[in-house]
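Here are my notes on this model, set out as numbered points. Please read them with the structure open beside you.

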Amino acid sequence: SDGARGATAVQSPTTTSPIAYEQYLRGRLRWSQRNAASLAAAQQHFEAAIAADPRFALAHTGLADCRSLAVLYASSLPRDSMPKARAAAERALELDPQLAEAHTSLAYVQFAFDQDFVLAESGFARAIALSPNYATAHQWQHELFAAQGRVTEQRAAIARAHALDPLSPILATEIGWGLYFAGEHAEAQRHLERTIIAAPTFPLAWVILGLAQLHVGDDEAACHSVGHAIKLSGDAPLPFAIRSEERRVG
């Protein structure tokens with residue numbers, strides 16, 4: 001989600017290679033920044049971690065998550081990226097069947113690509129049972145609940161994620177998106193304006209703010225917000241906006 005923590009309570013290393021672990025941590029930092037350039041850099045770090053230790057399961061989850069979010073942030077085609085994300089997540093599970101990150105990565109593919117909500121919900125629940133403090137599992141569970149209109153559960157899930165990582169721009173933005181999607185556009189606007197004060201260069205917050213402003217009738221402000229997001233991240237905000245309307249953010 002994210003800041004320097006990559007939206008996760010970092011586990012103890014499951015590798016004896018210091019190089020692999022350092023590359024993994026660098027990858028999660030870049031992944032958390034959520035733009036095309038940072039995802040490309042993150043993928044290189046995760047691939048370097050895997051090269052240093054091919055059996056390092058966490059590195060495979062990082063690679064899976066890069067490929068999943070490339071659809072949202074780097075305009076990758078789902079049919080190209082998501083099968084690769086699934087393969088990386090499944091490899092991580094082969095290496096460590098009890099790894100919460102791996103269950104989370106696979107469940108996200110099942111949710112966002114397969115649209116198999118039952119299987120995805122089971123995967124997220126398994127991840128949270130294994131590692132209750134893994135914020136990304138709660139974050140993506142919130143997106144699943146939102147897609148089903150389960151507002152109470154959705155809000156509880158994103159509140160839990162945010163409590164685990166209160167400085168994460170993506171988690172703060174997701175709270176605003178949840179308000180927006182629930183039709184609370186004015187409250188979403190207020191929340192996202194506060195989020196942007198703390199994270200002024202996070203493009204997705206500007207995009208969802210623009211959508212909220214549009215719904216409250218402030219077209220001029222909406223144009224400014226989306227335009228600023230485009231300046232920050234190139235052409236990626238268009239898929240953001242489309243997918244927020246489709247009940248997924250990432």
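1. How much accessible surface does the chain have, and what share of it belongs to carbon and sulfur atoms? The total comes to about 10300 Å², with 56% of that on carbon and sulfur atoms; areas are from the Shrake-Rupley method with a 1.4 Å probe, and for residues only the protein chains shown count as cover.

2. A word on the ground rules. This is a predicted model, in which local features need pLDDT of at least 70 and side-chain atom pairs count only at pLDDT 80 or more, while totals for chains, interfaces and linings use all residues. Residues are numbered from 1 along each chain as its sequence is written, and side-chain values use heavy atoms, with hydrogens and water left out.

3. On the overall fold: the chain has 13 helices and zero strands, so-called by DSSP runs (H or I of at least four residues for helices, E of at least two for strands, numbered from the N terminus). Of the 250 residues in the chain, 54% are buried. Here buried means under 20% relative accessible area, exposed means over 50%, and partly exposed lies in between (1.4 Å probe, protein chains only).

4. Now to the interior. The largest nonpolar core contains 63 residues, and those with the most contacts inside it are Trp-31, Phe-56, Leu-69, Tyr-108, Phe-111, Phe-124 and Ile-208. Helix 3 (residues 57–73) gives this core its largest share, ten residues. A second, separate core has five residues, among them Ala-100, Ala-127, Ile-128 and Ala-137. By nonpolar core I mean a set of buried Ala, Val, Leu, Ile, Met, Phe, Trp, Tyr and Cys residues joined through side-chain atoms within 4.5 Å.

5. Helix 3 merits a look in its own right. Because 16 of its 17 residues are buried, helix 3 is largely enclosed by the rest of the structure. From first C-alpha to last, helix 3 reaches 24 Å, close to the 24 Å expected at 1.5 Å a residue; the expected span is 1.5 Å times one less than the number of residues. Just after this helix, Ser-75 takes a positive phi of about 60°.

6. Helix 5 (residues 100–114) can be read in the same way. Its 15 residues should span 21 Å, and the end C-alpha atoms lie 20 Å apart, which agrees. Helix 5 is mostly covered, with 13 of the 15 residues buried. Gln-115, just after helix 5, has a positive phi of about 55°.

7. What does Phe-124 touch, leaving aside its neighbours within four places in sequence? Its contacts (heavy atoms within 4.5 Å) are Thr-104, Ala-107, Tyr-108, Phe-111, Ala-137, Trp-140, Gln-141 and Leu-144.

8. The aromatic residues deserve a point of their own. Nine aromatic pairs turn up in a search of the whole structure. Rings of Phe, Tyr and Trp (its six-membered ring) pair if their centres lie within 6.5 Å, and planes under 30 degrees apart count as stacked, over 60 as edge-to-face and the rest as tilted. Tyr-24 and Phe-56 make an edge-to-face pair, at 5.7 Å centre to centre and 70° between the planes. This pair links distant parts of the chain, 32 residues apart: Tyr-24 is in helix 1 (residues 18–32), and Phe-56 is in the loop between helix 2 (36–52) and helix 3. Tyr-24 is buried at 2% relative accessible area, and Phe-56 is buried at 0%.

9. Phe-111 and Phe-117 form a tilted pair, 5.6 Å centre to centre with 50° between the planes. Phe-111 counts as buried at 0% relative accessibility, whereas Phe-117 counts as partly exposed at 23%. Both residues belong to one aromatic cluster with Trp-31, Tyr-108 and Trp-140.

10. Two polar residues are worth checking by eye. Gln-23, in helix 1, is buried with a relative accessible area of 19% and touches His-45, Ala-48 and Ala-49, not counting residues up to four places away in sequence. Ser-225, in helix 12 (residues 219–233), is buried at 1%; on that same basis, Ser-225 touches Trp-206, Leu-209, Gly-210 and Gln-213.

11. Last, the cysteines. The structure holds zero disulfides, a disulfide being a pair of cysteine sulfur atoms within 2.5 Å. Cys-66 is buried at 2% relative accessibility, whereas Cys-223 is exposed at 60%.
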